[in-house]
Amino acid sequence: MASQQYAFRAQKSLGLVNGTPEYTPVAGFVAPDVPARTQTYSTDGRLYAYALPTVVRIYQAEGAQLLQELALPNIVEISFSPRGTYLSTWERPVKLEDGAQHKNLRVFSASTGEELISFTQKSQEGWDLQYTVSESHAIRLVSSEIQVFRPSDWSKGVVDKLKVEGSTAVSLSPGLNPSIAVFVAEKKGAPASIKIYSLVALNSTPTCQKTFFKADRAQMKWNTLGTQLLLLTQTEVDNSNKSYYGETGMYLLSAAGNFDCRVTLDKEGPIHDFAWSPNSKEFGVVYGYMPAKTMLFDQRVRPLHDFGASPHNFIAFNPQGRLIALAGFGNLAGKIEIMDRKTLARVTTISAPNTSYCAWSPDGRFLLTATLSPRLRVDNGIKIWHCSGPLVHVQSTEELYQAQWRPTPVENVPPFPQMVPPAPAASESVREAEKVQKPVAAKPAGAYRPPGARGLATPSILRGRTRAGPGWVSGNGGGGGRRHVPGAPTSPSPGPGPDGQGQKGGNRKRKGKKDVSAPGSGPGTPVGEDGAPLDVGLLEQGVRGQGQEGGQGRGQYQGQGQGNRGKGRKGPGANGAGGGGSVIPTPVPTPPPVIVTAAGTAAVDVDAMPTTPGADGAALDAVAKKARNLNKKLKAIEELKEKAKRGERLEATQLRKIEGEAEIRKELTVLEA
């Protein structure tokens, strides 16, 4: 099928490929021996051309018959006029020996190869002339002047011109009554502006004009009929510091001057992409911070449909306007959603990661995605998908630079059916690609764990505070204990002494003094008056604070429990938690009095001990925590009520929360009674 032909250009190859169902190289086309610099089709799909370092060749696209060979060196860009009558070429400007200007933009007759006119064009951006659909006129922007030519008689030169001070971009509309849109960027406090002129009355007053701020550059898109213009404005810098790429705005203007307005968008963030429907009556916009929203508007900027929030930054209607492709490329995952414009339902979802180019086929049934260099230098190639979802063709090509469908006028392809057509059988290339495809490992679900801890039991440092031996071990490795390294062999480590020090430092200070050790560790075990040993957990506060007066523990300043080392240096706290750095000293609790019993053993007065934080937490949790949680729920309900009063739409789950208010208040009353 001729409408499915596509062309590709790579570092080591160039070719034309037939479409469904064969996907075979076009017979008769001989690829060049040297790398091509660029390639293009004419707008009507009749001609195909490519540029080599020394020559430009023009082919008949159907059958690949060579028509012209132009001996033009160093050509970087080529372009056809709408009907394929003229071929424009651009090369990089150079200084000539005689001091004359280098005419680096040249126009040739595609049928005879004769050079018709040439210009000096320094900038590669916007280098080509713009033609009307009938090729009756051609325009180009030179400094702040729009020059008009008649291609039927290039020898006459400029036949009309328009001077617009500060103009930076110009766009010629399609359609039978062409108009010219001229954009003037914001400069030195003066606002930016857009003006639309009729081509046949260029020096008359503009048919439509609008001024606005925050516009350093603009992108203009006409609808198919050439009656309305969408203008996307963008600033270099976002003064609010919310976006790295500057601020964006969108305006809709009518060529007749009977309508113009700003496109108001209901989500904050940049405008990622926008596109007209081929019917010229509606357009789609993808906008907002991720996940971005996609909205469909009519020609009076009235919302028609909200596709919701999804990670998209690309929108494209198929040539018949029946299907819409919404996708997320670049730094997004490459998901493509095909939407049916008639039913507004999702047809299918395609996964095309690493896509850097995407385009509909002329018959609207296939989607071409390509991974191109130099954006990505691996996995370069072309994939063709049917609009119902299946992959029908794969072509892997190293260092692929360009890929494009052969254009075909909509009237020359069969109309899109009422129902989405079934997919044809996949080509052999798809089956071959499946054989060599690398298996994709499933992503493990659950919380993130560092690579060194994967596949092992969760270490105690990840589980928070745990008891290990006679003292507390903090989850961050503090408390004097040894930090466990995942995967390292475990070995018994000296736990902290009751005074918050390691065993080595504690032994030097305990000489000649009675030990206050862990329960059951020896004759120094604290016991009550009845001889029963006391729980060290209850004595923790007092025993840790003992070092403040007796010189055994780490107090507010280090050095008292470790000889002269580090004297006067701020310590990590009274509880002996390990670690370095500057830590704010915490108040040291007063130790409880020690009672000497008749048996000569030391015991601690439990009644005089300060309460350990959390010791009676179990009793408080039952009522206090429950009441606190209920109060939080009531506060959240009040906030939802305020949102409802402001007119914000609430979700179903939020409405159910409000309905349960009476029950929560009843439960809270019972707890407080």
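In which strand is the place of S254? The legends below get to that residue after an overview of this predicted model.

**Figure 1. The whole protein, a predicted model with seven helices and 39 strands**. Welcome to the full view before we zoom in. Of the 673 residues in the protein, 43% are buried. Among contacts with a separation of 6 or more, 43% link residues 24 or more positions apart. The accessible surface comes to about 36700 Å², and carbon and sulfur atoms hold 53% of that surface. The mean pLDDT is 78, with 72% of the residues reaching 70 or more. Please read two stretches with their confidence in mind. Residues 493-525 have a pLDDT below 50, and this stretch has 54 contacts in the model beyond near neighbours in sequence. The pLDDT is also below 50 over residues 596-609, where the model has 30 contacts beyond near neighbours in sequence.

**Figure 2. An open sheet of four strands in the order β3-β4-β5-β6**. The pairing here is antiparallel. At the edges are β3 (38-41) and β6 (65-70), each of which pairs on one side only. On average, neighbouring strands of this sheet are turned by 15° against each other, direction ignored. For a closer look, follow strand β5 (residues 56-60), which pairs with β6 in the antiparallel sense over five bridges. Within that pairing, I58 has Q68 of β6 as its bridge partner.

**Figure 3. The largest nonpolar core, with 17 residues**. A little background helps here: in soluble globular proteins, nonpolar side chains tend to be buried together. In this core, the residues that touch the most other members are F183, I194, I196, F212 and M220. At least two core residues come from each of β16 (179-184), β17 (192-198), β18 (208-212), β19 (217-222), β20 (228-234) and β21 (248-254). The strand that gives the most is β17, with three residues. A good residue to centre on is I194. Not counting residues up to four places away in sequence, I194 touches A181, V182, F183, C208, Q209, K210, F212, M220, L229, L231 and L253.

**Figure 4. The open sheet β19-β20-β21-β22 and residue S254**. Four strands with antiparallel pairing form this sheet. Because β19 and β22 (260-262) each have a single partner strand, one side of each is left without a neighbour in the sheet. The average turn between neighbouring strands is 20°, direction ignored. Strands β21 and β22 run antiparallel and are joined by three bridges, and L253 stands opposite D260 in β22. Now back to the opening question: S254 has its place in strand β21. Is S254 buried or exposed? With 6% relative accessibility, S254 counts as buried, because the cut-off for buried is under 20%. Leaving aside neighbours within four places in sequence, S254 is in contact with I196, C208, T227, Q228 and F259.

**Figure 5. The hairpin of β27 and β28, with a strand covered on both faces**. In a regular strand the side chains alternate between the two faces of the sheet. In strand β27 (residues 314-317), F314 and A316 lie on one side, I315 and F317 lie on the other, and all are buried. This strand runs antiparallel to strand β28 (residues 323-327), and four bridges join them. One pair to pick out is F317, which stands opposite I324 in β28. Five residues lie between the strands of the hairpin, and G321 takes a positive phi near 75°.

**Figure 6. The hairpin of β31 and β32, with A370 in strand β32**. Strand β31 (residues 357-360) and strand β32 (residues 366-371) pair in the antiparallel sense over four bridges. The bridge partner of Y357 in β32 is A370. Which residue of this hairpin takes a positive phi near 75°? That is G364, in a hairpin with five residues between the strands. Let us stay with A370 for a moment. At 1% relative accessibility, A370 counts as buried. Its contacts, not counting residues up to four places away in sequence, are N354, T355, S356, Y357, G381, I382, L400 and A403. From C-alpha to C-alpha, A370 and A359 are 9.2 Å apart in space, and they are 11 residues apart in sequence.

How values were computed: Residues are numbered from 1 along each chain as its sequence is written. This is a predicted model: local features need pLDDT of at least 70, side-chain atom pairs count only at pLDDT 80 or more; totals for chains, interfaces and linings use all residues. Side-chain values use heavy atoms; hydrogens and water are left out. Two strands pair if DSSP finds at least two bridges between them. Axes are lines fitted to C-alpha atoms, for helices over the stretch in contact, and angles run from 0 to 180 degrees between N-to-C directions. A nonpolar core is a set of buried Ala, Val, Leu, Ile, Met, Phe, Trp, Tyr and Cys residues joined through side-chain atoms within 4.5 Å. Buried means under 20% relative accessible area, exposed over 50%, partly exposed in between (1.4 Å probe, protein chains only). Contact means heavy atoms within 4.5 Å. Accessible areas come from the Shrake-Rupley method with a 1.4 Å probe; for residues, only the protein chains shown count as cover. pLDDT is the predictor's confidence in each residue, from 0 to 100.
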